[in-house]
Amino acid sequence: MRALVITGAGSARVEEVEAPVPGAGQVVVDVRRAGICGTDVELFTGQLAYFAQGKIGFPIRPGHEWCGVVSALGDGVDPGWLGARVTGDTMLGCGHCPRCAAGRGHVCADRREVGIVHWPGALAEKVLVRASSLYRLPGAIDDRAGPWSSRAATPGAPPPPPRPAG
């Protein structure tokens with residue numbers, strides 16, 4: 001699949017990369033839209049503080065604001081997510097520490113950040129995400145607004161019902 005890869009400060013290109021395969025609790029989303037914000041500009045220029053702090057380095061696959069359709073499920077994921085139009089959280093806590101247990105995964109000391117810290121981003125044809133980070137997009141929000149709509153999406157909503165066979 002194709003993905004944008006920032007190879008160094010001020011240098012990026014579209015590359016063929018391995019398509020993601022969902023593990024337990026994960027899904028693959030076919031990306032319909034991805035946003036570019038100031039964080040992505042700082043990734044491209046190499047000026048994001050995470051570089052100086054040693055948290056990240058090049059190459060990096062950006063894209064933390066996105067929407068798309070779930071196309072593959074890992075083990076343990078409710079089948080109702082297949083075909084759902086979704087967006088998702090950027091910050092992914094470890095899920096096990098006291099901060100995560102308290103619902104504060106965004107400040108987990110071992111968090112990943114989609115498209116920023118140790119998790120390939122959505123400026124690609126597909127993005128791998130945890131099913132627990134998904135938000136179903138309401139029909140009133142089209143794909144142009146989808147990447148910026150996680151606050152308007154339905155947090156913690158159950159997946160949509162399974163699609164009928166056939």
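Start with the salt bridges: this predicted model has five of them, counting a Lys or Arg side-chain nitrogen within 4 Å of an Asp or Glu carboxyl oxygen. Three are worth a stop.

**Stop one: R2 and E125.** Select both side chains and you'll find a salt bridge, 3.2 Å from N to O. R2 sits in strand β1 (residues 2-8) while E125 is in the loop between β7 and β8, so this pair ties together parts that are 123 residues apart in sequence. Switch on a surface and check both ends: R2 is partly exposed at 46% relative accessible area, and E125 is partly exposed too, at 34%.

**Stop two: D30 and K126.** Now pick K126, right after E125 in the numbering. Its salt bridge partner is D30, with the closest N and O atoms 2.6 Å apart. D30 belongs to strand β3 (residues 26-34) and K126 to strand β8, so here the pair ties together parts that are 96 residues apart in sequence. D30 has a relative accessible area of 28%, which makes it partly exposed; K126 is also partly exposed, with 26%.

**Stop three: R13 and E15.** Go to R13 and E15, whose closest N and O atoms are 2.8 Å apart in another salt bridge. Are these two buried, or partly exposed? E15 counts as partly exposed at 21% relative accessibility, just past the 20% under which a residue is called buried. R13 is partly exposed as well, at 47%.

**Stop four: two backbone oddities.** Most residues other than glycine have a negative phi, and most peptide bonds are trans. With that in mind, select F58 and P59: the peptide bond from F58 to P59 is cis, with omega near -5°. P59 is in the loop between α2 (49-52) and β4 (66-73).

Then jump to H118, where phi is positive, near 55°, though the residue isn't glycine. Look for H118 in the loop between β7 (112-113) and β8 (126-130), the loop that also holds E125 from stop one. H118 is exposed, with a relative accessible area of 55%.

**Stop five: the second largest pocket.** Which residues should you select to land near its centre? Try D89, M91, L92, G93 and G105, which lie nearest the centre among the 13 lining residues. The space in this pocket comes to about 270 Å³. Colour the lining by class and you get seven polar, three nonpolar and three charged residues. Glycine counts as polar in that scheme, so G93 and G105 go with the polar group.

Notes: Residues are numbered from 1 along each chain as its sequence is written. This is a predicted model: local features need pLDDT of at least 70, side-chain atom pairs count only at pLDDT 80 or more; totals for chains, interfaces and linings use all residues. Side-chain values use heavy atoms; hydrogens and water are left out. On a 1 Å grid over the protein atoms alone, a cavity is a set of points where a 1.4 Å probe fits but cannot get out, and a pocket is an open set with protein on both sides within 12 Å along at least five of seven lines; lining residues have an atom within 4 Å of a point. Grid points are joined across faces, edges and corners, and a volume is the space filled by probe spheres set on the points. Helices (H or I, at least four residues) and strands (E, at least two) are DSSP runs, numbered from the N terminus. Buried means under 20% relative accessible area, exposed over 50%, partly exposed in between (1.4 Å probe, protein chains only).
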